Amino acid sequence: MSSISRELLCLLAPLESLRSSDIKGITSIEELKKAKLDDHLTQYCIGEYKPAIITDNLFSFFRFTDKQAYLIIIDKQSDSNSELRRYNFYGLLDTYGKGKIVASCTTLSTDKIKKSINLTNVIITQGQAFILELCQFHTDYDESQDWWMRDPIYEIILSSYQDSNNDGIGDIQGLRQRLDYIQSLGMKTIWLTPIYPSPWKDYGYDISNFCDIDSRFGSLDDFRELIKDLHSRHMRIIIDFVPNHTANTHPWFQAALRNDPNYIDYYIWHEGKNNGKDLPTNWVGASGQHMWTYSPERKMYYLHQFLDSQPDLNFRNEKVMEEMKKILRFWLDMGVDGFRADAVRHLIENDQFRDEPLSKNAKDSDPEVMYDAYEHTETADQPDSYVLVRRWRKFFDEYAYKNNRDYIFLATEAYAQDIKKVMGHFALNREELGSDVSINFLITYYLDKEDDEKHGLALDKQLSEWHSNLPDHAWSNWCLGSHDSRRIATRLPQKELIDGFYMLLLLQSGTALVYYGDEIGMFDRPFKLEHREEFLDITAFNYGDEHAEEKTRDCQRTPMQWTDQLPYAGFTSGTSKPYLPLSDAWHEVNVEQQEKATRSHLKLFQQLVKLRQQSPFYGGNQKKVISTKELYAFIRWLDTNVYLIVINMNKIGQNPVTTDFMKLLKYKDKELLGEIVARSCNVLDDSPNGKEGNQINLNKLILQSSEAIVVKLQASAHDIPFCRP
């Protein structure tokens, strides 16, 4: 591939459309008027022109027709010391997500010419210019860049997955034994909750050493072997990054208690009011405690947004940020592929230390212990918290570039009801990149409702809120639950609905986050005060005994259910009890039984994971078709591939729902036919929807209560008016 000048690439834009500022630093409009377009470049001067990203540092635009598209990118920087810049072009032109370099101002290696570029992540260095021939995500999958977008991410609590040494606690070697199963799910990425040394007062989120493995799970050598195993299978690993706080046993905090001047400002201190007799503020944290605890060693209060054993780090101290970079570099050097940053909305507090107002929507909440009793105007979602996320994203990009690494993934967790605060973690714009996945909890918020409020209209409200607020440049994501929310099978008004929710999770546009055990429909295990010794989550008791059963997170964190065999469902041997009791339904709900069954939740889940890797589910268009109390349906399409997903939201025993989808999709022919591709387990084999491959008429689609189906339409998107802009 021969090199071409930046000035000549500017000629691919119509002169009458250019402003002098567009090409400042490259050339001038007067000079362009004198220049002639190279014969080699005329093939790219096609169809329509559309500006892309134009800034002081970049000039970019599209040339495109209905069948072909090019993106021309020209960096304006001339300073050799200029920093690496990243841009996101995804969503600017139709559903194009990838591009291959077909012309460049510099000579490129064969490897770079062959390698496609993900439009969400275009790295530009000083003076670069090139032309990308655009294509769809699914037509040019590149594992090195796209791995986090197409395939689901599987969240695992290591202590609850598989015990290998019979101490009742899951561990790294146990996880290695189950990698075949994880692969059989179609999972290419695992996400581990904290595995660091910890006093374990908060399931390992109280960390005493950020650069080691807790001995209950194994060793650093065990972890290296796990990474080696995963990478040999073309799998990835994400680990929890917990920047907000440390354990109170961490050496930094212990040094601060000794008044070591090097570490005092690693944490946040306050003398308190009334000569130290009163707390500095009225702030109440997310773990049922006031946010301030008195230190007799320092005769001051320290801040903790969670337990008093989890003192908050002070990110206004740049040394703390540098420590975090060292920690991230440690794990990246070992081969970790990405991170899920925990509790990012709590990273920074207003340093004016003002009291927070009571919430108008939480009249029955005890302000002494309940987090939702307050409007957290001073301690959550502060502007500088978003800045920290963007700085970590930039750090990862620079690390990957300098070390020739595959894409480094960043997810952020911000439990906020205000959707705009969640969206803020993605990015400010197409130049200031942030989180790849700002985790979407809206389906879990829907599941928080009372059963009679869990219907299609309420579901649509949550899904639409996400879609309507998602920035054009952001990649979507979905989850049904996590280690912090009760399991979906327990919270659905009808357990059979879980298959329909698998379809929502796996077939909507975006990355799917899957909580271990949800693929088999595991249930919560209730914890009762009469068996207080079974509780591990001590946080639950901070709210008072009357709230402990409701507040404990032990219910959804019970061990994985592998078999129906005594004594402990294959999680551990009989020599030691599991560290948490098994869910009561393990005899009926387990992997072994569902693998043997002709039809099961697990088998449908595996089927849907395979389906999502194809067009139009990976990178195609999406649109809601209908939402009523009884029904929710959406459509996915790209070119000739059109799929309809329909979920009957009714409880078992109610009348079937009949729908004319031909009318809803505005299809004009005599009939609209479709082929059953997937169906929920409760669809009977002898019904019209009962077998994959069955042809059905969508003029009169009948679904029984809690049934869900995926239908491939026997019509092109071009023939369906509903699919047009």
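**Legends to close-up views of the predicted model**

**View 1. The loop that holds N404.** N404 sits in the loop between helix 10 and strand 16 (409-412). The coordinates shown here and in the other views belong to a predicted model. Phi of N404 is near 50°, a positive value in a residue that is not glycine. Most residues other than glycine have a negative phi. N404 is exposed, with a relative accessible area of 70%. In sequence, N404 follows helix 10.

**View 2. Helix 10, residues 383-402.** Helix 10 has 20 residues. From its first C-alpha to its last it reaches 29 Å, close to the 28 Å expected at 1.5 Å a residue. The buried residues of helix 10 include the aromatic positions Y386, W392, F395, F396 and Y399. Charged residues are also buried in helix 10, among them R390, R393 and D397. The list of buried positions is completed by S385, L388, V389 and A400.

**View 3. Helix 13, residues 456-469.** Helix 13 has 14 residues and reaches 20 Å from its first C-alpha to its last, close to the 20 Å expected at 1.5 Å a residue. Which residues of helix 13 are buried? They are G456, A458, L459, D460, Q462, L463 and W466.

**View 4. T139 and the loop before helix 4.** T139 is placed in the loop between strand 8 (129-135) and helix 4 (143-150). The side chain of T139 reaches the backbone oxygen of Q136 at 2.8 Å. S615 is 476 residues from T139 along the chain, yet the C-alpha atoms of T139 and S615 are separated by 8.5 Å. Helix 4, at the other end of this loop, is mostly covered, with seven of its eight residues buried. The buried residues of helix 4 are S144, Q145, D146, W147, W148, M149 and R150.

**View 5. T189 in strand 10.** T189 lies in strand 10, residues 189-192. Is T189 buried or exposed? T189 is buried, with a relative accessible area of 0%. Leaving aside neighbours within four places in sequence, T189 is in contact with W147, P152, I153, Y154, R236 and I238. Of these partners, W147 is one of the buried residues of helix 4. Y154 is among the residues with the most contacts inside the largest nonpolar core.

**View 6. H270 and N274.** H270 lies in strand 12, residues 269-270. A polar atom of the H270 side chain lies 2.8 Å from the backbone nitrogen of G272. Beyond its neighbours within four places in sequence, H270 is in contact with P280, W292, M300, Y301 and F353. N274 is found in the loop between strand 12 and strand 13 (292-295). N274 is not a glycine, but its phi is positive, about 55°. With a relative accessible area of 47%, N274 is partly exposed.

**View 7. Two cis peptide bonds that precede proline.** Most peptide bonds are trans. The bond from L566 to P567 is cis, with omega near 0°. P567 is found in the loop between helix 16 (545-551) and helix 17 (591-596). S615 and P616 are also joined by a cis peptide bond, with omega about 5°. P616 is in the loop between helix 18 (601-612) and strand 20 (621-627). S615 is the residue whose C-alpha is 8.5 Å from that of T139.

**View 8. The nonpolar cores.** In soluble globular proteins, nonpolar side chains tend to be buried together. The largest nonpolar core of this model has 172 residues. Those with the most contacts inside this core are F89, Y154, Y181, I182, F223, W331 and F501. A second, separate core has 29 residues, including A633, I635, F661 and L698.

**View 9. The whole chain, for orientation.** The protein chain has 19 helices and 27 strands. Its radius of gyration is 27 Å, close to the 27 Å that the globule rule gives for 725 residues, so the chain is as compact as a globular protein of that length. Along its principal axes the C-alpha trace spans about 80 × 70 × 50 Å. Of the 725 residues, 61% count as buried. Among contacts between residues at least 6 apart in sequence, 68% join residues at least 24 apart. The accessible surface comes to about 28800 Å², and 46% of this surface belongs to carbon and sulfur atoms.

Definitions and conventions:
Residues are numbered from 1 along each chain as its sequence is written. Side-chain values use heavy atoms; hydrogens and water are left out. Helices (H or I, at least four residues) and strands (E, at least two) are DSSP runs, numbered from the N terminus. A polar contact is a pair of N or O atoms within 3.5 Å; within protein, one must be able to donate a hydrogen and the other to accept it, and residues adjacent in sequence count only if both atoms are side-chain atoms. The expected span of a helix is 1.5 Å times one less than its number of residues. Buried means under 20% relative accessible area, exposed over 50%, partly exposed in between (1.4 Å probe, protein chains only). The radius of gyration is taken over C-alpha atoms; the globule rule is 2.2 Å times the number of residues to the power 0.38. Contact means heavy atoms within 4.5 Å. Accessible areas come from the Shrake-Rupley method with a 1.4 Å probe; for residues, only the protein chains shown count as cover. A nonpolar core is a set of buried Ala, Val, Leu, Ile, Met, Phe, Trp, Tyr and Cys residues joined through side-chain atoms within 4.5 Å.
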